[in-house]
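Colleague: I am new to this structure and would like to go through it with you step by step. Could you take my questions in turn and show how you reach each answer?

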Amino acid sequence: MPSILHSWWSLSFLYLVAIITFAFMGTAMGAGYTSIKTPVYHPTQWALAHATFYGDESASETTGGACGYGNLMQNGYGTDTAALSTTLFNNGYGCGTCYQIKCVQSPWCFNNVPFTTVTATNLCPPNWNEDSNNGGWCNPPRTHFDMSKPAFMKIAQWKAGIIPVMFRRVPCKPIGGVRFAFQGNGYWLLVYVMNVGGGGDIANMWVKGSKTGWISMTHNWGASYQAFATLKGQSLSFKLTSYTSKETIFAWNLAPANWNVGLTYKANVNFH
């Protein structure tokens, strides 16, 4: 009888070990599956467009712009930027997107430069007084890049004025996490979202105060989102979804309860 009990306990123990091992393996496989399914933005196919430039070698005229990034040097964008035609700008949802651009089919191209990479920070508006093929380069439905002069001069001689280019969307790889520049007041919060990785763009955004649930923010213009809510005196968290990859990230307790407008708060998370 003792031998039978001993055998039963031994089998029970082995069975329990098997269950725990299987559960652990299942958890590990599930974690691996989750990481594989995490949205990651990949480059698109090359397409044909044209490029011009605006401003001078200092790129001082590119500071600011329709996306609302302010001083591009201070906010990490530098001079490798471009204004997008209306079609690419997409009512501001194109802000922050990144492109590789290479000069093609022009005697002004630098043949030893495969491409340069730029970030969209501005809008190149239509010029309906000019034909789309003769001056109205940014008229819909054309895809066109009006680059900063320093960026343009990396791929072609500036004397060209306008050049045919091949372009493709690529992942943005900024340093650090997403940045949130606050404007507005205690009852209307306007946030400019900067330094966005992955697809570089934002589709939807929510804010959560320490005394509220999640509040959906509406797209204002460019890279800005707004919430009409009383949030003063509360610590703030944000949820963002990428326009391109649909990935969602959370910036928990980003701003302290004594947050203020005119300040920029940096998260420790970003899109892939």
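Colleague: In what order do the six strands close into a barrel?

Modeller: This is a predicted model, and in it the six strands form a closed barrel whose pairing is mixed. Neighbouring strands of this sheet are turned against each other by 45° on average, with direction ignored. Going around the barrel, the order of the strands is 1-5-2-4-3-6.

Colleague: How many bridges join strand 3 to strand 6, and do the two run parallel or antiparallel?

Modeller: Strand 3 covers residues 98–103 and strand 6 covers residues 163–170. In this pairing Cys103 of the one stands opposite Val165 in strand 6. The two strands are joined by six bridges, and their direction is antiparallel.

Colleague: Which residue forms a disulfide with Cys98?

Modeller: A search of the whole structure finds four disulfides, and in the one that holds Cys98 the sulfur atoms are 2.1 Å apart. Cys98 lies in strand 3 while its partner lies in the loop between strand 6 and strand 7, so the pair ties together parts that are 74 residues apart in sequence. Cys98 counts as buried because its relative accessibility is 7%, which falls under the 20% cut-off. The partner is Cys172.

Colleague: Why is the disulfide of Cys67 and Cys95 left-handed or right-handed?

Modeller: The sulfur atoms of Cys67 and Cys95 are 2.1 Å apart, and the pair links distant parts of the chain, with Cys67 in the loop between strand 1 and strand 2 and Cys95 in the loop between helix 2 and strand 3. Both of these cysteines are buried. The torsion about their S-S bond is about -90°, so the disulfide is left-handed.

Colleague: And the link of Cys124 and Cys138, is that left-handed or right-handed?

Modeller: Cys124 lies in strand 4 and Cys138 in the loop between strand 4 and strand 5, so this pair ties together parts that are 14 residues apart in sequence. Cys124 is buried, and so is Cys138. With 90° about the S-S bond, the link of Cys124 and Cys138 is right-handed.

Colleague: Which residues lie nearest the centre of the largest pocket?

Modeller: The largest pocket has a volume of about 270 Å³. By class, its lining has eight nonpolar, seven polar and two charged residues. Of the 17 residues that line this pocket, those nearest its centre are Gly76, Tyr77, Thr119, Pro174 and Asn195.

Conventions
Residues numbered from 1 in each chain as written. Predicted model: local features only at pLDDT ≥ 70, side-chain atom pairs only at ≥ 80, totals over all residues. Heavy atoms only, no water. 1 Å grid on protein atoms, 1.4 Å probe; cavity = no way out; pocket = protein on both sides within 12 Å on 5 of 7 lines; lining within 4 Å. Points joined across faces, edges and corners; volume = space filled by probe spheres on them. Nonpolar A, V, L, I, M, F, W, Y, C, P; charged D, E, K, R; others polar. Pairing = 2+ DSSP bridges. Helix = DSSP H or I, 4+ residues; strand = E, 2+ residues; numbered from the N terminus. Axes fitted to C-alpha atoms, helices over the stretch in contact; angles between N-to-C directions. Disulfide = S-S within 2.5 Å. Buried < 20%, exposed > 50% of the residue type's maximum accessible area, 1.4 Å probe, protein only.
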